[in-house]
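Subject: Structure handover

Hi there,

Here is the structure I promised to pass on. Please have it open in your viewer while you read the notes underneath.

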Amino acid sequence: MSRGPVRPKKALGQHFLTDMSVARRIASTLEVPSRPDLDRLPVLEIGPGTGVLTQFLLSDGRELKAVELDSESVEYLRLNFPSLSVIEGDFLQMDLSAIFPGEFALTGNYPYNISSQIFFKLLDYKDRIPLCTGMLQREVAERICASPGGKARGILSVLLQAWYDCEYLFTVPENVFNPPPKVKSGVLRLVRNGVSDLGCDEALFRRTVKTTFGMRRKTLRNSVGSMVGKDSPILTDPIMTQRPEQLSVEQFVALTNLIATVL
């Protein structure tokens, strides 16, 4: 497919995928063998660019809408994919509930410069988006899927794994993009788990995760102390000797409930 007049723009974090086999493989990540109930969800694609991934999503037969900020790409997509519903605008500023009336899947070759923000927004719509797949910078994808104990584990790891089963699928090399990025990319899949209630105050859970990872090199005694006071009796609990990357989601829930007893 010719890219026509569309030029990748550094300011938008654009790296256009050029390998059709990779695009086809990314599109296929929306098929979850263990969850046939997700097979016919409508799909929202973020940042379709020149439609390399879009063409395979359209061929799947699902209802597809695409959000694109770049006016050149919007013009190109509307000309070359007349059946595609293209929404011009900033995904991060959109009310996603106005795009689809019910549940939908999210996918895309996510711009590197806003990929973390995209996944934080996903959390705000977790009850509307049971399936999310796509490609982003490998380090971010690995962080999202990181298990307890690893250095890659961070805020997004815990917040997303509380609500989704997160799976790193495969790595994509630099040479299949125009222009080639300086880092490798990773493709992941997030499938909503069965959790409807964390078992703790959700706002405090988020605050606890963000506060502790804000001081990730220190033990929980130091970071939690900034929330509850350095003389709080809960700081003698054995969990306070650990660092945030060591904790599972369940341990963060327990820590949140412990903090709640003194707030």
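Below is what turned up, starting with the cores and ending with the aromatic pairs.

One thing to keep in mind throughout is that this is a predicted model.

The cores

The largest nonpolar core has 55 residues, and the members that touch the most others are L106, F119, I144, L160, L190 and F205. Helix α9, residues 249-260, supplies the largest share of this core, with five residues. If you would like one residue to centre your view on, try I144: leaving aside residues up to four places away in sequence, I144 touches F119, L136, L156, S157, L160, Q161, C166, L188 and L190. There is also a second, separate core, made of 30 residues, with L41, V43, A105 and F177 among them.

Helix α8

Helix α8 spans residues 220-228, and its buried residues are L220, S223, V224, G225, M227 and V228. Helices α7 (202-213) and α9 are included in what covers these buried residues. Just after α8 comes G229, whose phi is positive, at about 100°.

A buried lysine

K121 sits in helix α4, residues 115-124. What does this buried residue have in place of a salt bridge partner? The nearest side chain of opposite charge belongs to D124, 6.2 Å away, and K121 has no salt bridge. Its side chain does reach backbone oxygens: that of M94 at 2.8 Å and that of L92 at 3.2 Å. The wider set of residues that K121 touches, again not counting those up to four places away in sequence, is F91, L92, Q93, M94 and L96.

Aromatic pairs

Three aromatic pairs are present in the structure. In one of them, F100 and F104 have ring centres 5.3 Å apart; their planes meet at 35°, so this pair counts as tilted. Both rings belong to buried residues: F100 has a relative accessibility of 2%, and F104 has a relative accessible area of 0%.

Y110 and F119 make up another pair, this one edge-to-face, with 5.6 Å from centre to centre and 85° between the planes. Y110 and F119 are buried as well. You have met F119 already: F119 is one of the residues that touch the most other members of the largest core, and it is also on the list of residues touched by I144.

Happy browsing, and best wishes!

Definitions and conventions. Residues are numbered from 1 along each chain as its sequence is written. This is a predicted model: local features need pLDDT of at least 70, side-chain atom pairs count only at pLDDT 80 or more; totals for chains, interfaces and linings use all residues. Side-chain values use heavy atoms; hydrogens and water are left out. A nonpolar core is a set of buried Ala, Val, Leu, Ile, Met, Phe, Trp, Tyr and Cys residues joined through side-chain atoms within 4.5 Å. Buried means under 20% relative accessible area, exposed over 50%, partly exposed in between (1.4 Å probe, protein chains only). Helices (H or I, at least four residues) and strands (E, at least two) are DSSP runs, numbered from the N terminus. Contact means heavy atoms within 4.5 Å. Lys and Arg count as positive and Asp and Glu as negative; His and the chain ends are not counted. A salt bridge is a side-chain nitrogen of Lys or Arg within 4 Å of a carboxyl oxygen of Asp or Glu. A polar contact is a pair of N or O atoms within 3.5 Å; within protein, one must be able to donate a hydrogen and the other to accept it, and residues adjacent in sequence count only if both atoms are side-chain atoms. Rings of Phe, Tyr and Trp (its six-membered ring) pair if their centres lie within 6.5 Å; planes under 30 degrees apart count as stacked, over 60 as edge-to-face and the rest as tilted.
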